[in-house]
Amino acid sequence: MTHETVREVDPELAAALGGERDRQEDTLAMIASENHVSEAVLEAQGSALTNIYAEGYPGKRYYAGCEYADEVEQLAIDRAKELWGADHVNVQPHSGSQANMGVYLAVLDPGDKILSLDLTHGGHLSHGHPANFAGQVYNVEQYEVDAETGYIDYEGLAETAAEFDPDIIVSGYSAYPREVEWETIQDVADDVDAYHLADIAHITGLVAAGVHSSPVGIADFVTGSTHKTIRAGRGGIIMSDEAFADDIDSAVFPGMQGGPLMHNIAGKAVGFKEALDPDFETYAEQTVANADALAERLQEHGLELVSGGTDNHLVLIDLRPSHPDTPGKDVEEALEDAGIVLNANTVPGETRSAFNPSGIRAGTPGLTTRGFDEDDCRDVADLIYEVVDAPDDEDVIDEVAARVAELTDAYPVYE
């Protein structure tokens, strides 16, 4: 075996890795599902644990040589329990989508009924979109947000649930900027004798820090991503009451995946430890404050936000009222040229293709990790508006790019 560096072994790959690090340093990461992890998380995820096969669970592995893998996974489990107050935690899912798959596999049969939020209204593919496994294996009906307010239509949800009689109701969303009423949805689930899965993928860190209400102890199952607002190793997590522990664990392994990615679980353990520090609550509070400042300034420029603002880390901009001839993809590409990276996104009542929708979605977790405060986010909102208003003007793009460079120089990701 060689002991050479990546650059010595594979200069092309090393160049791509270096390019990606430079890209992150030189642009503003505003995709709501992205963040910047610490050097400690990077180190854990690049550790020798990548060599280990650890099928099974701590103390019950199918392979020898897992004593340290057991320690790492148990640390991740114990810290997750402390962070979210869950009775049982499985940290092995490779992603939030696979965490959802684990819950479905544990309690549903093929053809069972899922009630979830429509994708164009802020839902997620793994909640039952026909292009996803969930929509292909299960019978799916969807509820919506109120067309006027942009808030979840809880009465409509209850009416749809009574008519559809689902086996499980999915709450938690990928593009919903408001606080979720977990207990209201749980009441609906109880009324129709359905399970309740709360997918907190986007707000995992906000829930852990107490700046968003928690569904743990309310919903039967809580799933999440571990790399968005929580800033841990990339992957998924499932939380439940102890009564579901065996079903969940057997659904994850051997039900849907083999050996866990132990280096990722190490990254989760480190990130969870960082989130237990009181400084993390300050970070989460600032993330929400930054999103609110961003939202207010965008509205001052005349841009319309779905639901009229935000309670969490993201804003969803509907371009149709102010810029009806400007698709979201055009804005996404122009902003990327200027060094601001966010994504085109569908909006309620979408009239365009999902590949070139009518909205854009922006988030503040990455900016907050860099050290941005409310004033900085207002400045960023100004820059976004300049590009939205003139996406084809190269002079505007160049001017915004120069100002982005000043911000990235002032707030480096990694020293």
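Begin by selecting Ser 307, which counts as buried at a relative accessibility of 12%. The model on screen is a predicted one, and everything described on this tour is read from its coordinates. Ser 307 sits in the loop between β11 (304–305) and β12 (314–318), and its phi is positive, about 75°, although the residue is not a glycine. Most residues other than glycine have a negative phi. For a second case, move to Asp 193, where phi is near 55°, again a positive value in a residue other than glycine. Asp 193 belongs to the loop between α8 (182–191) and β8 (195–199), and it is exposed, with a relative accessible area of 72%.

**The four-stranded sheet**

Return to the strands that flank the loop of Ser 307 and select β11, β12, β15 and β14, which in that order form an open sheet of four strands with antiparallel pairing. Its edge strands are β11 and β14 (343–345), each of which pairs on one side only. Within the sheet, β12 and strand β15 (residues 359–363) are joined over five bridges in the antiparallel sense; to find one of these contacts, pick Leu 314, whose bridge partner in β15 is Gly 363.

Next, add helix α12 (residues 278–300), which lies across β11, β12 and β15 and runs at about 20° to β12. From α12, show the side chain of Arg 297 together with that of Asp 382, since the two meet in a salt bridge with an N to O distance of 3.0 Å. Arg 297 lies in helix α12 and Asp 382 in helix α15 (residues 374–389), so the pair ties together parts that are 85 residues apart in sequence. Asp 382 is buried, its relative accessible area being 16%.

**The seven-stranded sheet**

Now select the other set of strands, β4-β10-β9-β8-β7-β5-β6, which make up, in that order, an open sheet of seven strands with mixed pairing. The edges are occupied by β4 (88–90) and β6 (139–143), each with a single partner strand, so one side of each is left without a neighbour in the sheet. From one strand to the next, the twist averages 20°. Inside the sheet, strand β7 (residues 168–171) and β8 run parallel and are joined by four bridges, and Val 170 can be highlighted with Leu 197, its bridge partner in β8.

Two helices that pack on this sheet are worth displaying in turn. Helix α4 touches β4 and β10 (236–240), its direction making about 125° with that of β4. Helix α10 touches β4, β9 (221–225) and β10, and its direction makes about 0° with that of β4. While α10 (residues 245–256) is selected, look for Pro 254, which is found in this helix; a cis peptide bond, with omega about 10°, joins Phe 253 to Pro 254. Most peptide bonds are trans.

**A packed pair of helices**

Select helix α7 (residues 154–164) and α8, which pack at an angle of about 15° with their axes 10 Å apart. That angle makes α7 roughly parallel to α8, and the crossing of the two is right-handed. To display the contact itself, show Tyr 154, Leu 157, Ala 158 and Ala 161 in α7, which meet Thr 184, Ile 185 and Val 188 in α8.

**Further salt bridges**

How many salt bridges are counted? The count comes to 12, and two more of them can be visited here. First select Glu 73 and Arg 61, whose closest N and O atoms are 2.8 Å apart in a salt bridge. Glu 73 lies in helix α4 (residues 67–84) and Arg 61 in strand β3 (residues 60–61), so this pair ties together parts that are 12 residues apart in sequence. Both Glu 73 and Arg 61 are buried. Add Asp 70 to the selection, for salt bridges with shared partners join Arg 61, Asp 70 and Glu 73 into one network.

Finally, select Glu 39 and Arg 21, which form a salt bridge with the closest N and O atoms 3.2 Å apart. Glu 39 lies in helix α3 (residues 39–45) and Arg 21 in helix α2 (residues 11–26), so the pair ties together parts that are 18 residues apart in sequence. Glu 39 counts as partly exposed at 41% relative accessibility, and Arg 21 likewise counts as partly exposed, at 38%.

Note on methods
Residues numbered from 1 in each chain as written. Predicted model: local features only at pLDDT ≥ 70, side-chain atom pairs only at ≥ 80, totals over all residues. Heavy atoms only, no water. Buried < 20%, exposed > 50% of the residue type's maximum accessible area, 1.4 Å probe, protein only. Pairing = 2+ DSSP bridges. Contact = heavy atoms within 4.5 Å. Axes fitted to C-alpha atoms, helices over the stretch in contact; angles between N-to-C directions. Salt bridge = Lys/Arg side-chain N within 4 Å of Asp/Glu carboxyl O. Parallel < 35°, antiparallel > 145°, perpendicular 65-115°, else oblique. Left-handed = near helix turned anticlockwise from the far one by under 90°.
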